[in-house]
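User: I'd like to go through the labels on this one and ask what stands behind each of them. Can you take me through it?

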Amino acid sequence: MINFIVDREKCTQCKICVSECPILIINGKTAYPEIIEGKEENCLKCQHCMAVCPEGAISILGKDPENSIPTSSPIPEPEKLENLLQIRRSIRRFESTEIDKDLIYRMIQMASYAPTAKNENSVQFTVIDNREEMSKLSQLTYDCIKKAHAENKIPTSKLYLNKFLKVWKEKQINIIFRNAPHMLITSAPKNGTFPVVDSTIATAYFELLANSYGIGTLWIGFAKFVFEDIVPEIKTKIGIPENHEIAAVLLFGNPAVKFARSIQNDNPKIKTVMNRLRSSIFQQDAPSRPFPAVFQASE
Ligand SMILES: Cc1cc2nc3c(=O)[nH]c(=O)nc-3n(C[C@H](O)[C@H](O)[C@H](O)COP(=O)(O)O)c2cc1C
């Protein structure tokens, strides 16, 4: 039951909800909008009908439109967001202090607003919210790598893990987990539409929000290999369902290093496909553009 309710006192019959529904299951021919008979189960549960209604006349899935934030709420100016994108750096040295748990869960809540294919919303956020668990997990991981090494279970392409183990044993340098106090793992059911993409987008949302709070982050591909390929028993131990694919592992905590400036990226590889289509379809030259001075892929 999607519980699509129209408040007839508020509805002006503008039918914007009908046009906005991505799968066209709202009837525009009736006086007031209603779900076309038999189509309810196709609903994506995206809540666009409720979000788009100018009058706040629609409720769905038991959500009261009054509890949404208005789209007139302040958002960061583009310049500030651009600064954040340029200033964010991978952090590999963390302070031992923990991040406030309420803030961690709030950031996860916000990251869950990331889009997902078919609005499946099946990303699981597995979080380590305290240092103690992090150091237990770290130790367990190295123990498992040691065991896998002894049993010759580490594939040649991942033999660098033995070096990490050696540095950990001999120098207590933790190349995989960097002594970070926290970790976020995103995963989603393998049989979903885009499990890795959905989880990765959510992780990127989390990362940017964390950085806006001054929290440092590090994506750790190594850990994904370890959890998925070398020691899958850890995956089970930390509560990730077996049918889930791990997409991203992100360390986070207060940074122990402060960067003074941004890096300077080389120009991105951009292909202006529209220009190519225009010139091939309409046989005319693409308009010249003063910006960006980008790498142009060779024809
Ligand atoms: C998917 C992914 C996996 C990564 N894995 C690791 C890792 O295992 N260890 C590490 O130190 N850095 C890792 N990084 C960080 C990259 O090395 C880093 O993003 C890159 O050098 C650019 O630096 P910046 O993030 O400061 O711009 C990873 C980054 C991404 C996106």
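**Strand partners, cores and loops**

Analyst: Let's start with one pair: H182 has F252 in β8 as its bridge partner. Keep in mind that this is a predicted model.

User: What makes β6 and β8 a pair of strands?

Analyst: Pairing takes at least two bridges between the strands. Strand β6, residues 182–189, is joined to β8 by 8 bridges, so the two pair, and they run antiparallel.

User: And how do you know that β7 pairs with β8?

Analyst: By the bridge count again: 4 bridges join β7 to β8, against a requirement of at least two, so they count as paired. They too run antiparallel. Within β8, L251 is the residue that stands opposite L218.

User: In what order do the strands of the sheet come?

Analyst: The order is β5-β6-β8-β7, with antiparallel pairing, and the sheet is open. What puts β5 (124–128) and β7 at the edges is that each has a single partner strand, so one side of each has no neighbour in the sheet. On average, and ignoring direction, neighbouring strands are turned by 25° against each other.

User: Which strands does helix α7 lie across?

Analyst: Helix α7, residues 195–212, lies across β6, β7 and β8, and runs at about 10° to β8.

User: Why is β8 described as largely enclosed?

Analyst: Strand β8 covers residues 244–253, and 9 of those 10 residues are buried, so the rest of the structure largely encloses the strand.

User: Which residues touch the most other members of the largest nonpolar core?

Analyst: That core has 41 residues, and the ones with the most contacts to other members are A180, M183, V249, L250 and L251. Elements giving two or more residues to the core include α4 (101–111), α5 (131–150), α6 (160–171) and β6. Strand β8 provides the largest share, 7 residues. A separate core of 12 residues lies apart from this one, and C49, M50, C53 and I60 are among its members.

User: What does L250 contact beyond its sequence neighbours?

Analyst: Skipping anything within four places in sequence, L250 is in contact with M183, L184, T203, F206, E207, T217, L218 and W219.

User: Now the loops. How do you know whether I91 is buried or exposed?

Analyst: Count the C-beta atoms: I91 has 22 others within 10 Å, and 20 or more makes a residue buried, so I91 is buried. I91 sits in the loop between α3 (78–87) and α4. Beyond four places in sequence, I91 touches G216, T217, L218, P255 and V257.

User: Why is K29 called exposed?

Analyst: K29 has 9 other C-beta atoms within 10 Å, and the label applies at 12 or fewer, so K29 is exposed. Its place is the loop between β2 (26–27) and β3 (34–35). K29 and K15 are 14 residues apart in sequence, with 9.3 Å between their C-alpha atoms.

User: And what makes Q13 partly exposed?

Analyst: Q13 has 13 other C-beta atoms within 10 Å; exposed needs 12 or fewer and buried needs 20 or more, so Q13 falls in between. Q13 is in the loop between β1 (5–6) and α1 (16–20). Though not a glycine, Q13 has a positive phi of about 60°.

User: Why does N119 get the label partly exposed?

Analyst: N119 has 16 C-beta neighbours inside 10 Å, which lies between the two cut-offs of 12 and 20, so the label is partly exposed. N119 belongs to the loop between α4 and β5. Its phi is positive as well, near 50°, in a residue other than glycine.

User: Last one: which residues are around the ligand?

Analyst: They are R89, S90, R92, L218, W219, I220, G221 and F222. By class the shell has 4 nonpolar, 2 polar and 2 charged residues. At least two residues of that shell come from each of β7 (216–219) and α8 (221–230).

Notes:
Residues are numbered from 1 along each chain as its sequence is written. This is a predicted model: local features need pLDDT of at least 70, side-chain atom pairs count only at pLDDT 80 or more; totals for chains, interfaces and linings use all residues. A residue is near a molecule or strand if its C-beta atom, placed from the backbone, lies within 6 Å of it. Ala, Val, Leu, Ile, Met, Phe, Trp, Tyr, Cys and Pro count as nonpolar, Asp, Glu, Lys and Arg as charged, and the others, Gly among them, as polar. Axes are lines fitted to C-alpha atoms, for helices over the stretch in contact, and angles run from 0 to 180 degrees between N-to-C directions. Two residues are in contact if their C-beta atoms, placed from the backbone, lie within 7 Å. A nonpolar core is a set of buried Ala, Val, Leu, Ile, Met, Phe, Trp, Tyr and Cys residues joined through C-beta atoms within 7 Å.
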